[in-house]
Amino acid sequence: MKQFNKLGAIASVLAIALALSAFSFQQDKPKEEPKPTNLKVLPKNISHDELISTMKEFNVALGVKCGFCHAPSKEDPKKLDFASDENHKKDIGRAMIKMTQKINKKYFNRSWDNAPAKAISCKTCHGGKEEPEMVLAKN
């Protein structure tokens, strides 16, 4: 009878250890970021980190916060619905990205002279402001 109690105790300890190790393994897994949806200009395979970095560049270049282009969530207006197209400024931003890409490709894709490309970005015109300032050249 004592032998069965020892085996039962050992089996119980092993079962608890196995359960704890499985729980620990599940906690150690890195949290997978949700895949972005509704990407129309940015690459569809952009990583979460690249996307966040790109968005932060827009924040700095235009001196705005995320809500400038992204609509509030219908479920919780304190949060943003990043996939939504309800904020028209998002379409303006997409058009500006396309314009910048086109200019950079046409004028700064200088493979013939091996010089580093001096490309334009949002900050080139916006300079940290929502609206770019019109500067007229003096003759």
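# Exercises on a predicted model

D85 and K40 form a salt bridge, with the closest N and O atoms 2.9 Å apart. The model behind these exercises is predicted.

## Exercise 1: a bridge between two loops

Task: work out which parts of the chain the D85–K40 pair ties together, and state how exposed D85 is and how exposed K40 is.

Solution.
- Step 1. Check the distance. The cut-off for a salt bridge is 4 Å. The closest N and O atoms of D85 and K40 are 2.9 Å apart.
- Step 2. Place the residues. D85 lies in the loop between β2 (80-81) and α3 (88-108), and K40 lies in the loop between α1 (2-28) and α2 (48-62), so the pair ties together parts that are 45 residues apart in sequence.
- Step 3. Grade D85. Its relative accessibility is 30%. Partly exposed runs between the 20% and 50% limits, so D85 is partly exposed.
- Step 4. Grade K40. Its relative accessible area is 52%, and K40 is exposed.

## Exercise 2: a second pair of loops

Task: locate K74 and E86, and give the separation of the pair in sequence.

Solution.
- Step 1. Confirm the pairing. K74 forms a salt bridge with E86, and their closest N and O atoms are 2.2 Å apart.
- Step 2. Place both ends. K74 is in the loop between β1 (71-72) and β2, while E86 is in the loop between β2 and α3. The two residues are twelve apart, and the pair links distant parts of the chain.
- Step 3. Grade the ends. K74 is exposed at 63% relative accessible area. E86 is exposed at 58%.

## Exercise 3: from one bridge to a network

Task: describe the E133–K129 pair, then name the residues joined through shared partners.

Solution.
- Step 1. Take the pair. The side chains of E133 and K129 meet in a salt bridge at 2.6 Å, N to O.
- Step 2. Grade the partners. E133 has 54% relative accessibility and counts as exposed. K129 has 41% and counts as partly exposed.
- Step 3. Follow shared partners. Salt bridges join K40, D85, K90, D91 and R94 into one network.
- Step 4. Give the total. The count comes to six salt bridges.

## Exercise 4: two surface patches

Task: which residues make the patch of negative charge, and which make the nonpolar patch?

Solution.
- Step 1. Take the charged patch. E32, E33, D49 and E50 gather on the surface as a patch of negative charge.
- Step 2. Look at one member. E32 lies in the loop between α1 and α2. At 70% relative accessibility, E32 counts as exposed.
- Step 3. Take the nonpolar patch. I92, M96 and M99 make a surface patch of about 240 Å².
- Step 4. Look at one member. M99 sits in helix α3. Its relative accessible area is 38%, and M99 is partly exposed.

## Exercise 5: two buried residues and a positive phi

Task: state whether H70 is buried or exposed, do the same for N104, and list what each touches. Then give the phi of N38.

Solution.
- Step 1. Place H70. It lies in the loop between α2 and β1.
- Step 2. Grade H70. The limit for buried is under 20% relative accessible area, and H70 has 12%, so H70 is buried.
- Step 3. List its contacts. Leaving aside neighbours within four places in sequence, H70 is in contact with M55, L80, D81, F82, N87 and K90.
- Step 4. Add a distance. H70 and K89 are 8.0 Å apart, C-alpha to C-alpha, and 19 residues apart in sequence.
- Step 5. Turn to N104. This residue is in helix α3. N104 is buried, with a relative accessible area of 17%. Not counting residues up to four places away in sequence, N104 touches N109, A119 and I120.
- Step 6. Turn to N38. Its phi is positive, about 65 degrees, although N38 is not a glycine. N38 lies in the loop between α1 and α2. At 26% relative accessibility, N38 counts as partly exposed.

## Exercise 6: the whole chain

Task: give the order of helices and strands, the buried share and the accessible surface.

Solution.
- Step 1. Count the elements. The chain has four helices and two strands.
- Step 2. Order them. Along the sequence the pattern is α-α-β-β-α-α.
- Step 3. Find the buried share. Of the 139 residues, 15% count as buried.
- Step 4. Find the surface. It comes to about 11900 Å², and 61% of that belongs to carbon and sulfur atoms.
- Step 5. Check the contacts. Among those between residues at least 6 apart in sequence, 36% join residues at least 24 apart.

Note on methods
Residues numbered from 1 in each chain as written. Predicted model: local features only at pLDDT ≥ 70, side-chain atom pairs only at ≥ 80, totals over all residues. Heavy atoms only, no water. Buried < 20%, exposed > 50% of the residue type's maximum accessible area, 1.4 Å probe, protein only. Patch = residues over 30% accessible without salt bridge, like charges linked within 9 Å, V, L, I, M, F, W, Y side chains within 5 Å. Areas by Shrake-Rupley, 256 points an atom, 1.4 Å probe, with all protein chains shown as cover. Lys, Arg positive; Asp, Glu negative; His and termini not counted. Charge placed at Lys NZ, Arg CZ, Asp CG, Glu CD. Contact = heavy atoms within 4.5 Å.
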